[in-house]
Amino acid sequence: MIGETSGVIALFFEDTKEFIGTFDSRRKAAIVGVMLSREQNRAIVAIDNSKLGETATCCRFVGGQELPIPKDQRHIVTDRAASERPDRS
């Protein structure tokens, strides 16, 4: 369910926004998200920091299950700071 253009996936506890970790693959993030949501009995959100410079909430893990977030609710943010930097050439 996590995006195909993923660069780095970051996991956070949804209730406290506490950082869990970053993962270089969708599979690793999903394994940890599923396991922790079941063990901690807390919802976890996955943030996809794509190779295209976008950041979006891509899924939630609740009770040991991965739940997709509909595309219209992913809160995509483009890396505007990078595109607004002056050209240094």
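Helices (H or I, at least four residues) and strands (E, at least two) are DSSP runs, numbered from the N terminus. On that basis the chain has two helices and six strands. Their order from the N terminus is β-β-α-β-β-β-β-α. This is a predicted model, in which local features need pLDDT of at least 70, side-chain atom pairs count only at pLDDT 80 or more, and totals for chains, interfaces and linings use all residues. Residues are numbered from 1 along each chain as its sequence is written, and side-chain values use heavy atoms, with hydrogens and water left out.

**Surface and contacts of the chain**

- The chain has 89 residues, and 34% of them count as buried. Buried means under 20% relative accessible area, exposed means over 50%, and partly exposed lies in between (1.4 Å probe, protein chains only).
- About 6,100 Å² of the chain is exposed, and carbon and sulfur atoms supply 51% of that area. Accessible areas come from the Shrake-Rupley method with a 1.4 Å probe; for residues, only the protein chains shown count as cover.
- A contact means heavy atoms within 4.5 Å. Among contacts in the chain with a separation of 6 or more, 47% are between residues 24 or more positions apart.

**Salt bridges**

- The structure holds four salt bridges. The term covers a side-chain nitrogen of Lys or Arg within 4 Å of a carboxyl oxygen of Asp or Glu.
- One of them joins the side chains of E14 and R60, at 2.8 Å from N to O. This pair links distant parts of the chain: E14 is in the loop between β1 (6-13) and β2 (19-23), R60 is in strand β4, and 46 residues separate them.
- E14 is partly exposed, with a relative accessible area of 28%. R60 is also partly exposed, at 27% relative accessibility.
- R42 forms a salt bridge with D15, and their closest N and O atoms are 3.0 Å apart. This pair, too, links distant parts of the chain. R42 lies in the loop between α1 (26-40) and β3 (44-50), D15 lies in the loop between β1 and β2, and they are 27 residues apart.
- R42 also forms a salt bridge with E18, with the closest N and O atoms 4.0 Å apart. R42 is in the loop between α1 and β3 and E18 in the loop between β1 and β2, so this pair ties together parts that are 24 residues apart in sequence.
- D15, E18 and R42 are thus named together as a network of salt bridges.
- Within this network, D15 is exposed at 54% relative accessible area. E18 is partly exposed at 41%, and R42 is partly exposed at 21%.

**Aromatic rings**

- R42 has a further partner in F13: the charged end of R42 sits over the ring of F13, 3.7 Å from its centre. A charge sits over a ring if NZ of Lys or CZ of Arg is within 6 Å of the ring centre and within 35 degrees of the ring normal.
- A search of the whole structure finds one aromatic pair. Rings of Phe, Tyr and Trp (its six-membered ring) pair if their centres lie within 6.5 Å; planes under 30 degrees apart count as stacked, over 60 as edge-to-face and the rest as tilted.

**Cysteines**

- A disulfide is a pair of cysteine sulfur atoms within 2.5 Å. The count by this rule is zero.
- The closest cysteine sulfur to that of C58 is in C59, and the distance of 4.3 Å is too far for a bond.
- C58 is buried, at 2% relative accessibility. C59 is buried too, with a relative accessible area of 0%.

**Strand β4 and the loop before it**

- T57 is found in strand β4 (residues 54-62). T57 counts as buried, at 17% relative accessibility.
- Leaving aside neighbours within four places in sequence, T57 is in contact with V45, A46, I47, I69 and R74.
- K51 has its place in the loop between β3 and β4. K51 is exposed, with a relative accessible area of 69%.
- K51 and G7 are 44 residues apart in sequence, but 4.8 Å apart in space, C-alpha to C-alpha.
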